[in-house]
Number of protein chains: 2
Amino acid sequence: MSHYFFTVEPEAHEGVKRIALKAAKDFERVTGILPKISESLPICINCELSFIFVTLGKSPYLDNFITEGKYDASGIVGKREVYQIKLLDDKTILICGSDKRGTIYGIFALSEYIGVSPLHFWGDVAPCIKEKIVISKNIETISKEPSIKYRGFFINDEWPCFGNWTNNRFGGFNAEMYDHVFELLLRLKGNYLWPAMWSSSFALDGPGSLNEELADIYGVVMGSSHHEPCLRASEELDKVRGLQSIYGNDWNYYKNKTGLLKYWEDGLIRSGKYEKIITVGMRGERDSSMLGDNSSLKDNINLLKDIIINQRELIKKYVNPEIENVPQVLALYKEVEEYFYGNEQTDGLINWDELDNIICMLCEDNYGFMRTLPTEEMRRRKGGYGMYYHFDYHGGPISYEWMPSASFERTWDQMSMAYEYGIRDIWIVNAGDLKFNEIPLAYFMGLSYDFEKWGAVNSIELYTAMWLEKTFPSVNPVIQKKMAEVLHGFIRMNAMRRPEALNAEIYHPCNYLETDRMLSLANNIETLNEDVYSSLLQNEKEAYYSMIYFPARASTNLLNLHLYAGKNSHYASQGKKIANKYFDLVTECIEKDRALCEELANFKNGKWKGMELGQHIGFTKWNEDNSRYPLRIQIEPAYKPRMVVSRKDRKEIYTKTYGNPMSIKINDFLYAGNNEVILEIANDGIGSIDYSIEIESVQMFGCNWLEISSIKGTVEFQEEIVLRCNKQKLNNDEIHCIRLLIKDSETTVAVEIKARNKNINHLPPMTFLENNGVIAIESNHFFAKKDLPAGSFIELKNYGRSGCGMKVFPATINFIEKDDKPSLAYRFLIEETSDYNIEIWTTPTNPVKNKHPLRFMLTSLQGEQIITTVPIDFKAGNPSDKTWCEGVLDNIRITKTMVKFEKGVQEIFIGALEAGLILERILIYKKDILLLKSYLGPLESFYICP
Amino acid sequence: MSHYFFTVEPEAHEGVKRIALKAAKDFERVTGILPKISESLPICINCELSFIFVTLGKSPYLDNFITEGKYDASGIVGKREVYQIKLLDDKTILICGSDKRGTIYGIFALSEYIGVSPLHFWGDVAPCIKEKIVISKNIETISKEPSIKYRGFFINDEWPCFGNWTNNRFGGFNAEMYDHVFELLLRLKGNYLWPAMWSSSFALDGPGSLNEELADIYGVVMGSSHHEPCLRASEELDKVRGLQSIYGNDWNYYKNKTGLLKYWEDGLIRSGKYEKIITVGMRGERDSSMLGDNSSLKDNINLLKDIIINQRELIKKYVNPEIENVPQVLALYKEVEEYFYGNEQTDGLINWDELDNIICMLCEDNYGFMRTLPTEEMRRRKGGYGMYYHFDYHGGPISYEWMPSASFERTWDQMSMAYEYGIRDIWIVNAGDLKFNEIPLAYFMGLSYDFEKWGAVNSIELYTAMWLEKTFPSVNPVIQKKMAEVLHGFIRMNAMRRPEALNAEIYHPCNYLETDRMLSLANNIETLNEDVYSSLLQNEKEAYYSMIYFPARASTNLLNLHLYAGKNSHYASQGKKIANKYFDLVTECIEKDRALCEELANFKNGKWKGMELGQHIGFTKWNEDNSRYPLRIQIEPAYKPRMVVSRKDRKEIYTKTYGNPMSIKINDFLYAGNNEVILEIANDGIGSIDYSIEIESVQMFGCNWLEISSIKGTVEFQEEIVLRCNKQKLNNDEIHCIRLLIKDSETTVAVEIKARNKNINHLPPMTFLENNGVIAIESNHFFAKKDLPAGSFIELKNYGRSGCGMKVFPATINFIEKDDKPSLAYRFLIEETSDYNIEIWTTPTNPVKNKHPLRFMLTSLQGEQIITTVPIDFKAGNPSDKTWCEGVLDNIRITKTMVKFEKGVQEIFIGALEAGLILERILIYKKDILLLKSYLGPLESFYICP
């Protein structure tokens, strides 16, 4: 049996003492033995290992070590939140912080080193049990300074999940609960937190000041959401406002200046003594102007200036006369943003020196896409900038609060863009209820802590591997790889369409077999997920369940629910009895959804009870008020067996008719890359039908090129017949025709199939060919790319809805029309001279320059055209802007233009203009073609491999 | 115990002898005693009553009576199908026919006199059992000559019902079965029959010639459907055609003249000896031209002439050299009609003397509306005209074959129009399977036999009373009246939309409360029907069941099925849990539909088994191939109780929202006659809600004018709240406002109600007032009517879809633009000067003049406008004419025009132009108003009573 000693001097920060206790618990978790904590240095007669936790300037022992030459602090001195781990001898490990948080990060680094995950509580990660702790030389390190000064998260939209959970488990939003939150933040090397504020007041619920005190002890810098100035929670006012109140009744500075100043004064007196970032400024209630709708911009700016000046006077008086040392933040949000920039007539706050040492907090569009970012000039501001990002949002057009739906790739892309644009003082992410956002949050915190490492393009795979290796060290790497696939698989799936925004009409039930593709995607995730889960040992299962297994299952089940409902409706509208099977499948998914909630509530004896309560089915407005389960349609089979034939990828049905049979025309095999068509033979009546398929006629060239998966059978509900064209067996360039008859005892349906093996030998590499009238090109399938020293397109892997994105880096570079620009070139074969629609599918990013459009240059035979994907008056983040709403709901933005092409091989070029544009796909089709309705669009067309 | 003697001489027609046997069975039915039939005159010692059945020219006894002065035949001699009933003494009744059918009608008149219904077999009418037969002086009569020369019906579209029935019961379409059909025809005083011909050949199925022989014996004149010339059934050709056949293989006179002439020759040889109307001419297979699509009109006419000349040569040779004594018919149908009229370049057959003694058979549009009728000049043709009418049709746009759906009123209107236009030689009606068409058929036969009596306008009520009194003599007249309501109620209901053409999207589920109105209509019929049935004695029940009770129940259940499905879909789209109740109601209706079939199959030990097989649910094309049961939608209630408020007559829902509550605006009470609005308070979640209604604010005038049917309650599914405005309590002409709040624990919905008691004292009588933007006027609510000696509008009671029709009589009169015309005048109040839409809703009748439009004159402030309801190129009866199809499916034709009206009381005048137009309704609404979607349109607006 081993023993471990921790040394923490009496002079140490109280926070360090407390964190040492947590580290001791971590040792106990791993070894079963609680280390002995002592104020003295170890003597080390009986002990195996001893650890000394010290902070520069707070440790006489450390001073001695330095004096004695046992330790050289030069690697960390003067640095922010840095720690050094050093072996003083084989058995003695010194963990020294440059400051309190440095030491704390160092202690938790030790915990990680012995195998305790930062997510041991929130992610239910059990460490590997060890006989004894072995410390080797490789533990020695000097940590880096964090990339971002204030890094943290916001517990938000906390009802019903987090709220019920903490009420059940801790009796409220109190310090007992926050202890876990603070610990999470610190283990993730964060330092900044916005507390829950829907129904709670951090400063009052500790109970009393316990929350604030505990945060301060731990070195957690508390902030408050963007509309809570001067350290007072939003909820507090209702407790004290009133016509007789000293604070007055109105949340309106114009009407109630004295009351509000008093209110803020008391907030600063109460909470100013703790380490905080103080919010300044204010917003009218419900986005209203305090001066009324007809007030001028100038008046509003002046009012805000008055507010800020007075707030800062109070801060000087009650917090710190050296106000430049008090971290302060002003949120640039909605109308405040307008006051910041001003307009042509009116100067905004942008150059107001009162803001010089205030951090300006920006916000993306609530859906994860950057909005206006600091220009080069603005970046010179002393106060710096912050970014408020969202993994969770409660608002329009449709909230997303349930399961994670922000892909790591996008978080990387958009937050690294923020970084490049100089936003490095605060990164805070709305992490909703925390539960299920553990891994995305860990990633966000990692990126903000070590941007040098994780800021590299396409590094998600590496990050994930690292994280899985640390979290599941005992798991076989092959299984870890599968875990990665499940994790990103379900999150990217949710990112294609956020769960709450799903309904039965999103993915098309038949066109382009879209629903089948999505069902198969979900099924692959499910299969992998079960594979992984069943291969894990019991102690590994809980963590996987808590962070991946459960949310992946819940997410795929929800998607299946809507997909089945879409199929149910599709088959019902076709009159097919099989609709009823999909009715039952929807019912099963609804039941499974409920069973999953129940299961989560009971997991680990109810540890997370409450976290299962989030509504997530079919929101019809921004919140859950009118949420709807999909309708399920029951079909009454016809009174006798009746054959119905259809293409699986079309809605039209072919049935008995008087006279010549109805005829399905299949031209798909005329197109390169198209070798399979699936027919559905269904029975829309009682009993079953016996069908047979015969070749009625063949034109010219025989029929050995056509495979039919089945030529007779009995169908109670529906059977699929696969028609496969073997193009090798076709005479080159000749059109071959076969007419089939599908018969049952009453009905005959004809199928007319045309096929051709087009000669493509003469086509240059990367030439795309038309498929049923459409050329679809994924953005990474250019045939040429022009890179410039100033910038070039780089492929973002696994990006966006389409799975790849092309974006110009550095992300700060803009081009104007006349510039030499980086560009992408695409090549395709035009079969007929005509006007063609070109659809450019881009990620729904926003212009990052205030009042600018987002455009690119399209070059074709017809010369150069500037294409605007987002106009200048676009209102990113505003639910009244339909285009913006469509973009963030659909996760794609489609810009259409028309170009005339001559018959033959043609090329187009996409040239960069404004920064931030990300190209996902290109569609080209003739002017008069109406594309089939779908969410994801046609599959990529065939192209000539290089 | 009484005894009865029948005397039928050896010299009597064989048909008379056989009918005497049937009359004897009738006596037995009534008294239990079979009369003694003797060839000698009665001696009358023991007998109570004796009956002598004789025919002029076929009775030595009669000759004696005349000689002896006991009987004077002058009342009937030389007449057609006439009989006289005369008491020779108290006990001896002479029934004397002017010819064979005259005697037979006389004998069946006796049967009716003793209480045996013509429908005793087909309608299961049991006579009242009598101790003894009493004959009084009132039996004496000289019958009239029939109005129409050949009167009869066509058994058609006989599969699956009639065919299965006769196969089960009689083993085929043989003489045993036809005996019942002939008897029905003769009892109804008909003389003409087209036999079933889908799969049977009348001349072959007797077996052998038994069918033809029996018909001839009974004096039933056989015809054949319009495309079966020279006494050969359509089915026959397939049995004998072939490349080696003497008849050749082609049904094409151009290609196979010799073969076809031989084929017809053999038909005439075989069947020409019986009393027949021989069809001449022919049509190509499947409506094709025998000369090909590019042949000229002239060539086709010449070919047809050649056919007819040669056919008539054969008739002369094999039937009767005096061909003018052989009844012949030429059907003017589709392309043959074109050949008949010719065009400007080409003379048609119209004046071809070869047709002089051929009856030209016309056809309505298959849906009961006359097409081209003979002009005055054409009426002079010696050969005369026939009309082929439909109670049943198998064809486009949608077949109707199941339950009767042709109202008596329309049969009267359209057939009396045929009569007035000189169609008096043949009336034949397609009676489908016969079953359930018994009463409509009896009426049709009655009208054709005694047009003088039943041709009177609005005489349906009288006819029905007469018929019920004769059929149910023992039933209380109050009950008889209810029977009449059920009978016409369900048929008129079916006539609004034929059963097969119903689906869940016909009647609107909420707009104008249309579905509720139809549910209530069906419910009234059902209640009356059950009332009647339960009040009947056992021996009365069967007849009522067979002819009214069953078809009414089946029809109302079918309507309910679709109405409930519409409500199910409506409530599902509103997200309301009550949708599931309607799901269940649809299921119940489907089950009831099946149970009813089963019940009919078992009725009277399976007497009608087979007649239940007609498909009738949701045809999507002309036949049943793709027929569909309505879809049923299941809704999953939300996870908690949630209040949803809506107007019962609108689709919009009002639910919980963030900020100000959603608000229902009710302006209905601003309009005269509008005093009630129904709200639905529903729960779309699990459990139930507790709602309360409070008045939030009242403007100016208090709130005692508003009654709210309930101000609180608990709702599990849905509850209706009736808002009633008591206009008496409003200050005249002032606008009153009340704002209500409907609340449950989570949701508040506001209701803003405006009301006004408009001062209407100054308005002249019959002024219509706007209701929610629309003025709707029923056609019989004119304020003035201009009648002329030449013609005038007359109201048709219970007519059409709207329940009243205004039509000019005599039906043969046309007016031109400059004529003084009969007209109708309508008056209404225009609230605002503007352009107004005027919709004229007419019955979907067709122009009765070849190549003419159907128009009327609209006179308004803006002067006279000629409005065309049907253009000149309209193709009545042709399923490719969309307008015609819509008309016969919807049973209404809507013609729209626009007129500018000044504010104030306005008038419009509808003046007659072409004959045949029937006005049902008028709608007037402002140019920019979009009427709510509905089938029946808005209810009639309020008007000033005279």
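## Exercises on a two-chain predicted model

The contact takes 33 residues from chain B and 33 from chain A, where contact means heavy atoms within 4.5 Å. This is a predicted model: local features need pLDDT of at least 70, side-chain atom pairs count only at pLDDT 80 or more, and totals for chains, interfaces and linings use all residues. Residues are numbered from 1 along each chain as its sequence is written, chains are lettered from A and ligands numbered from 1 in the order in which they are written, and side-chain values use heavy atoms, with hydrogens and water left out.

### Exercise 1. Symmetry

Find the rotation that superposes chain B on chain A, and name the relation.

Step 1. Superpose the copies by least squares on the C-alpha atoms of residues with pLDDT of at least 70 in both.

Step 2. Read off the operation. The rotation is 180°, the shift along its axis is 0.0 Å, and the RMSD is 0.1 Å. That is the relation of a two-fold axis.

Step 3. Compare the surfaces. Both copies use the same one: 97% of the contact residues of chain B recur in chain A.

Step 4. Locate the axis. Within chain B, B:Ile633 comes closest to it, with its C-alpha at 2.2 Å.

### Exercise 2. The interface

What do chain B and chain A bury between them, and how many salt bridges cross the interface?

Step 1. Take the accessible area (1.4 Å probe) that the two parts lose on being put together, summed over both. The result is about 3,100 Å², 44% of it on carbon and sulfur atoms.

Step 2. Apply the salt-bridge rule: a side-chain nitrogen of Lys or Arg within 4 Å of a carboxyl oxygen of Asp or Glu. Eight salt bridges are found across the interface. One of them joins B:Lys656 to A:Asp625, with the closest N and O atoms 3.7 Å apart.

### Exercise 3. Salt bridges within chain B

Place B:Asp26–B:Arg29 and B:Lys758–B:Glu831 in the chain, and state the burial of each partner.

Step 1. Fix the terms. Helices (H or I, at least four residues) and strands (E, at least two) are DSSP runs, numbered from the N terminus. Buried means under 20% relative accessible area, exposed over 50%, partly exposed in between (1.4 Å probe, protein chains only).

Step 2. Take B:Asp26 and B:Arg29. Their closest N and O atoms are 2.5 Å apart. Both residues lie in helix α1 (residues 14-31) of chain B, three residues apart, about one turn of the helix. B:Asp26 is buried at 0%; B:Arg29 is partly exposed at 30%.

Step 3. Take B:Lys758 and B:Glu831. Here the closest N and O atoms are 3.2 Å apart. B:Lys758 is in the loop between β24 (748-755) and β25 (767-768), B:Glu831 in the loop between β30 (823-830) and β31 (834-842), 73 residues apart. B:Lys758 is buried at 16%, while B:Glu831 is partly exposed at 28%.

### Exercise 4. An aromatic pair

Classify the pair B:Tyr105–B:Tyr449, and say which parts of the chain it ties together.

Step 1. Apply the rule. Rings of Phe, Tyr and Trp (its six-membered ring) pair if their centres lie within 6.5 Å; planes under 30 degrees apart count as stacked, over 60 as edge-to-face and the rest as tilted. The count over all chains is 121 aromatic pairs.

Step 2. Classify. At 6.3 Å centre to centre and 90° between the planes, B:Tyr105 and B:Tyr449 are edge-to-face.

Step 3. Place the rings. B:Tyr105 lies in helix α3 (residues 100-113) and B:Tyr449 in helix α12 (residues 438-449) of chain B, so the pair ties together parts 344 residues apart in sequence.

Step 4. Check burial. B:Tyr105 is buried at 0% relative accessible area, and B:Tyr449 is buried at 10%.
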